[in-house]
Amino acid sequence: MLVTGSLAAAQTKFALISHAPDSDSWWNTIKNSVKQAGEDYGVRVDYRNPPNGDLADMARLIEQAAAQGYDGVIVTIADFNVLQGAIKKLTDKKIPVITINSGTTEQSEKLGAVMHVGQPEYAAGKGAGERAKADGVKSFLCVNHYATNPASFERCRGFADAIGADFKKSTIDSGDDPTGVEAKVSAYLRQNPGTNAVLTLGPTSAHPTLKALEKNGQKGKLWMATFDLSDEISKGIKDGSVKFGIDQQPYLQGYIPVAVLATMKATNSTDLAKVAAAVKANSKTMARFTEYGLTPAYGDRHIGSGPGFVTKDNIGKVEKYAGQYR
């Protein structure tokens, strides 16, 4: 019986299909996480992606997965309109789907997915704002270097709502040219001298903002936090000029869907509360999350991979596993 059980487990196979081109190293952490989740739950996980990031190719990969009889498929919602037809081929065959990373929980539900695992942008911004409010922050500048993505503004809006600030008046479209970002940040702070804090949406805006603050004599004096991490941001966290980095914990976006799908299959259950409880109670899973310093946010249906806050207290652990499991 034991042999039969292990053979059955070995035959369980899932696919994770991302939109990322081969050149995007950020996804290495997710590749590592699905490998480890496969080991921990005794299942096979195939990682698939369009080599050049072409979404029509991604849609074809999803259609192929539907034809190949996977027990579950994990997919990013890189573009709802482009991918919904291909994803419907999975759900029509009753293949469970979990969406990750890009897209929203609403889109995930429309697609008929089991759940979405990612960082809700508004909640991440609000979580950062609540920390700022505790530090006495009442006004801020949000430096948005990728205003072409409407979801990016949700980060600024969440932060503004948490501290009671006017979201639109507090946000600038900085562009992504470092010199331009630095000039726009300096100009805003000159024109709004009462600004308590600065929030940047990633290294592209964080690095020139730090330069602007340094030139203005405000580095380490004006409250600052940022989304994402880099060597320069890590240095700022350690020297106190950056309060924290907001990390979407990509490892969880790969590991949790595999754990959920494997648990659903093993228990023959679609009761998400019971499945999530089983994942939380799994000793191998908890050992991974503790070792890498990861904190998922379990909701009634969806699971947040962030926000995870990187501070002076945990920066050592994050740096230790950066690019591998963080």
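How many bridges join strand 8 to strand 9, and do these strands run parallel or antiparallel? In this predicted model, four bridges join strand 8 (residues 197–200) to strand 9 (residues 223–227), and the two strands run parallel. The legends below take up this pairing and other parts of the structure.

**View 1. The six-stranded open sheet, with strands in the order 7-6-8-9-10-13.** The pairing in this sheet is mixed, and within it Ala197 stands opposite Trp223 of strand 9. Strand 7 (171–173) and strand 13 (308–310) stand at the edges, and because each has a single partner strand, one side of each is left without a neighbour in the sheet. From one strand to the next, the twist averages 20°. Helix 6 lies across strand 9, strand 10 (245–247) and strand 13, and runs at about 160° to strand 9.

**View 2. The packing of helix 6 (residues 121–134) against helix 7 (residues 152–163).** The two helices pack at an angle of about 35°, with their axes 6 Å apart, and helix 6 passes helix 7 in a right-handed crossing. On the side of helix 6 the contact is made by residues including Glu121, Tyr122, Gly125, Ala128, Gly129 and Ala132, while helix 7 contributes, among others, Glu154, Arg155, Gly158, Phe159, Ala162 and Ile163. The buried residues of helix 7 are Ser152, Arg155, Cys156, Gly158, Phe159, Ala160, Ala162 and Ile163. What covers these buried residues includes helix 6, strand 6 (140–144), helix 8 (167–170), strand 7, strand 8 and strand 9.

**View 3. The end of helix 7 and the neighbouring helix 8, with Gly164 just after helix 7 and Lys168 in helix 8.** Gly164 takes a positive phi of about 80°. Lys168 is exposed, with a relative accessible area of 66%. Lys168 and Arg157 are eleven residues apart in sequence, and their C-alpha atoms are 8.0 Å apart in space.

**View 4. The seven-stranded open sheet, with strands in the order 2-1-3-4-5-12-11.** The pairing is mixed in this sheet. Strand 2 (44–48) and strand 11 (297–298) stand at the edges, each with a single partner strand, so one side of each is left without a neighbour in the sheet. Strand 4 (residues 97–100) and strand 5 (residues 115–118) run parallel and are joined by three bridges, with His116 of strand 5 as the bridge partner of Thr99. Helix 12 (residues 250–267) lies across strand 1 (13–17), strand 2, strand 3 (72–76), strand 4, strand 5 and strand 12 (303–304), and runs at about 155° to strand 5.

**View 5. A cluster of aromatic rings in which ring pairs link Tyr41, Tyr251, Tyr255, Phe289, Tyr292, Tyr321 and Tyr325.** The structure holds 14 aromatic pairs. One of them is formed by Tyr251 and Tyr292, which meet edge-to-face at 5.1 Å centre to centre, with 70° between the planes. Tyr251 lies in helix 12 and Tyr292 in helix 14 (residues 283–292), so this pair ties together parts that are 41 residues apart in sequence. Both Tyr251 and Tyr292 are buried. Tyr292 also forms an edge-to-face pair with Tyr321, at 4.9 Å centre to centre and with 70° between the planes. Since Tyr321 lies in helix 15 (residues 315–321) and Tyr292 in helix 14, this pair ties together parts that are 29 residues apart in sequence. The relative accessible area is 5% for Tyr292, which is buried, and 9% for Tyr321, which is buried as well.

**View 6. Basic side chains over aromatic faces, with Lys13 at Tyr70 and Arg131 at Phe309.** Lys13 lies over the face of Tyr70, at 5.1 Å from the ring centre. Arg131 lies over the face of Phe309, at 4.1 Å from the ring centre.

**View 7. Backbone geometry in three loops, at Pro307, Asp228 and Gln249.** Pro307 is placed in the loop between strand 12 and strand 13, and the peptide bond that leads from Gly306 to Pro307 is cis, with omega near 5°. Asp228, in the loop between strand 9 and helix 11 (231–239), has a positive phi of about 70° although it is not a glycine; at 26% relative accessibility, Asp228 counts as partly exposed. Gln249, in the loop between strand 10 and helix 12, is likewise not a glycine and has a positive phi of about 45°, but at 1% relative accessibility Gln249 counts as buried.

Notes. Residues are numbered from 1 along each chain as its sequence is written. Side-chain values use heavy atoms; hydrogens and water are left out. Two strands pair if DSSP finds at least two bridges between them. Contact means heavy atoms within 4.5 Å. Axes are lines fitted to C-alpha atoms, for helices over the stretch in contact, and angles run from 0 to 180 degrees between N-to-C directions. Rings of Phe, Tyr and Trp (its six-membered ring) pair if their centres lie within 6.5 Å; planes under 30 degrees apart count as stacked, over 60 as edge-to-face and the rest as tilted. Buried means under 20% relative accessible area, exposed over 50%, partly exposed in between (1.4 Å probe, protein chains only). A charge sits over a ring if NZ of Lys or CZ of Arg is within 6 Å of the ring centre and within 35 degrees of the ring normal. A crossing is left-handed if the near helix is turned anticlockwise from the far one by less than a right angle, and right-handed if clockwise.
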